[in-house]
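Trainee: I would like to work through this model with you, going from the overall architecture down to single residues. Could we take it step by step?

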Amino acid sequence: MELFGLPVVQVYLYVLIISGLITILYVFFSDVAEGIGEVSPFLDPAVILSFITFTSAAGYILELLVEWHSGVVLAVAIAIAIVLDILLYFFVLLPLASAEVSLAYTDESLMGQVGRVIVPIPVDGYGEIVIETINGRISKRATGYENTAIDYGKEVLIIEVKNGAFIVKEYEPFRFANHE
């Protein structure tokens, strides 16, 4: 059977190659189309591209292996693609979407955090602090707020960031008065 003047097997192969190339481009430029999948999971470009790829791959393989009518091959290929697409969506794409977006941080996002001095901070000088986050330990250059000295091992509160250096103040946790 022919479609567009080409054998159906060749059409499946061309669609497979083109959808594969578009998928590769989508991987590189997916941030541009990020919001499209928010409307409906079935409008997500990753789901649509995988459906087209699965359909064309299954159709190509079935056309080569079985002697069925091309309409039956297309129907079976679509059924296979739907099953594979659902599995891909629920077991790969959905868990990835709900995972932590990034392990990256900015210096400004650390403001208000509590750290510990690991290199004493002298008056009018720099020392080093370590901040423990869910992503691990981060050590940063620090100077005292209003040029105060802070000893090793003291807890400090990050007030602000200037020129890559953290401005810190000795941390004094708030304690409730004990009323008896």
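Mentor: Helices, of at least four residues, and strands, of at least two, are taken here as DSSP runs numbered from the N terminus. Please keep in mind throughout that this is a predicted model.

Trainee: With that settled, how many helices and strands are there in the protein chain, and in what order do the elements run from the N terminus on?

Mentor: The protein chain holds 3 helices and 7 strands. Read from the N terminus on, the order of these elements is β-β-α-α-α-β-β-β-β-β.

Trainee: What share of the residues counts as buried, and what share of the accessible surface belongs to carbon and sulfur atoms?

Mentor: Taking burial before surface, 26% of the 180 residues of the protein chain count as buried. The accessible surface comes to about 12,500 Å², and the part of that surface belonging to carbon and sulfur atoms is 64%.

Trainee: Which strands close into a barrel, and in what order?

Mentor: The barrel is closed by 5 strands, and their pairing is mixed, in the order S3-S4-S5-S7-S6. Between neighbouring strands of this sheet, with direction ignored, the average turn is 55°.

Trainee: Looking at S5 within that order, which strand pairs with S5 in the antiparallel sense, and which one runs parallel?

Mentor: On one side, strand S4, residues 127–133, pairs with S5 in the antiparallel sense over 7 bridges, and a hairpin of 2 residues joins S4 to S5. On the other hand, 3 bridges join S5 to a strand that covers residues 165–170 and runs parallel to S5, namely S7. The antiparallel partner is therefore S4, and the parallel partner is S7.

Trainee: Which residue of S5 is the bridge partner of Gly 127, and what stands opposite that residue in S7?

Mentor: The bridge partner of Gly 127 in S5 is Ala 142. In S7, the residue opposite Ala 142 is Phe 166.

Trainee: Thr 143 is also in S5; is Thr 143 buried or exposed, and which backbone oxygen lies 2.8 Å from its side chain?

Mentor: Thr 143 lies in strand S5, which spans residues 136–144. Because its relative accessibility is 10%, and buried means under 20%, Thr 143 counts as buried. Leaving aside neighbours within four places in sequence, its contacts are Ile 121, Gly 125, Tyr 126, Phe 166, Ile 167 and Val 168. The backbone oxygen that lies 2.8 Å from a polar atom of the Thr 143 side chain is that of Gly 125.

Trainee: Turning to the aromatic residues, why is the pair formed by Tyr 89 and Phe 90 classed by the angle of its planes as it is?

Mentor: A search of the whole structure finds 1 aromatic pair. The ring centres of Tyr 89 and Phe 90 are 5.1 Å apart and their planes stand at 80°; since planes over 60 degrees apart fall in this class, the pair is edge-to-face.

Trainee: Which of these terms, buried or partly exposed, applies to Tyr 89, and which to Phe 90?

Mentor: Tyr 89 has a relative accessible area of 19%, so Tyr 89 is buried. For Phe 90 the relative accessible area is 47%, so Phe 90 is partly exposed.

Trainee: Where does Tyr 105 lie, and which residues does Tyr 105 touch beyond four places in sequence?

Mentor: Tyr 105 lies in the loop between helix H3, residues 70–98, and strand S3, residues 114–119, and is partly exposed with a relative accessible area of 36%. Its C-alpha atom is separated by 9.1 Å from that of Asn 135, which is 30 residues away along the chain. Beyond four places in sequence, the residues that Tyr 105 touches are Leu 110, Ile 138 and Lys 140.

Trainee: What are the positive phi values of Glu 146 and Asn 147?

Mentor: Glu 146 is found in the loop between S5 and strand S6, and at 65% relative accessibility Glu 146 counts as exposed. Asn 147 is found in the loop between S5 and S6 as well, and is partly exposed with a relative accessible area of 42%. Although Glu 146 is not a glycine, its phi is positive at about 60°, and Asn 147, also not a glycine, has a positive phi of about 55°.

Note on methods. Residues are numbered from 1 along each chain as its sequence is written. This is a predicted model: local features need pLDDT of at least 70, side-chain atom pairs count only at pLDDT 80 or more; totals for chains, interfaces and linings use all residues. Side-chain values use heavy atoms; hydrogens and water are left out. Buried means under 20% relative accessible area, exposed over 50%, partly exposed in between (1.4 Å probe, protein chains only). Accessible areas come from the Shrake-Rupley method with a 1.4 Å probe; for residues, only the protein chains shown count as cover. A polar contact is a pair of N or O atoms within 3.5 Å; within protein, one must be able to donate a hydrogen and the other to accept it, and residues adjacent in sequence count only if both atoms are side-chain atoms. Contact means heavy atoms within 4.5 Å. Two strands pair if DSSP finds at least two bridges between them. Axes are lines fitted to C-alpha atoms, for helices over the stretch in contact, and angles run from 0 to 180 degrees between N-to-C directions. Rings of Phe, Tyr and Trp (its six-membered ring) pair if their centres lie within 6.5 Å; planes under 30 degrees apart count as stacked, over 60 as edge-to-face and the rest as tilted.
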